[in-house]
Amino acid sequence: MSFGIKPLGTRVVLKKMEKEDKTEGGIILSAGAKEKPQYAKIVAVGKGTEEEPMELKVGDVVIFQKYGGQDLVYKGEDYMIMKQEDILAVISE
């Protein structure tokens, strides 16, 4: 399946995942009170390099550094491109 954005080297393309608008206690958050999402689903990966092989794959849900990466809009959807080294963890289900 071709996504349309091909990341180079050790970069990945992430689709941000929306957080709930409500806290566990039931408090509804305004748009200004919500934190920037820190987790996303990987939609495309680069090939990696000899020095840093690609450890991530399409479909992985990951936690990433809050201020890492480059935001972009592609076909009306919000994505991020970032280096594999800025991914902190893979969430296993």
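Biologist: Why is I63 called partly exposed?

Modeller: The relative accessible area of I63 is 33%, and because buried means under 20%, exposed over 50% and partly exposed in between, with a 1.4 Å probe and protein chains only as cover, I63 is called partly exposed. This is a predicted model, in which local features need pLDDT of at least 70 and side-chain atom pairs count only at pLDDT 80 or more, while totals for chains, interfaces and linings use all residues. Residues are numbered from 1 along each chain as its sequence is written, and side-chain values use heavy atoms, with hydrogens and water left out.

Biologist: What makes I63, L88 and I91 a nonpolar surface patch?

Modeller: Patches are made of residues with over 30% relative accessible area and no salt bridge (a side-chain nitrogen of Lys or Arg within 4 Å of a carboxyl oxygen of Asp or Glu), and nonpolar side chains (Val, Leu, Ile, Met, Phe, Trp, Tyr) are joined within 5 Å, like charges within 9 Å. I63, at 33%, lies in strand β3, and together with L88 and I91 it makes a patch of about 250 Å², areas being computed by the Shrake-Rupley method with a 1.4 Å probe and, for residues, only the protein chains shown as cover.

Biologist: How do you know that β1 and β2 pair?

Modeller: Two strands pair if DSSP finds at least two bridges between them, and five bridges join β1 (residues 11-16) to β2 (residues 39-45), in the antiparallel sense. K15 has K41 of β2 as its bridge partner, and K16 stands opposite A40.

Biologist: What makes β2 and β3 a pair as well?

Modeller: Three bridges link β2 to β3 (residues 61-64), again antiparallel, which meets the requirement of at least two; K41 has V61 of β3 as its bridge partner.

Biologist: Which strands are called edge strands, and why?

Modeller: The six strands form an open, antiparallel sheet in the order β4-β5-β1-β2-β3-β6. The edge strands are β4 (70-74) and β6 (87-91), each of which pairs on one side only.

Biologist: How many helices and strands does the protein have?

Modeller: There are zero helices and six strands, where helices (H or I, at least four residues) and strands (E, at least two) are DSSP runs numbered from the N terminus.

Biologist: What share of the contacts joins residues 24 or more positions apart?

Modeller: With contact meaning heavy atoms within 4.5 Å, such residues account for 63% of the contacts with a separation of 6 or more.
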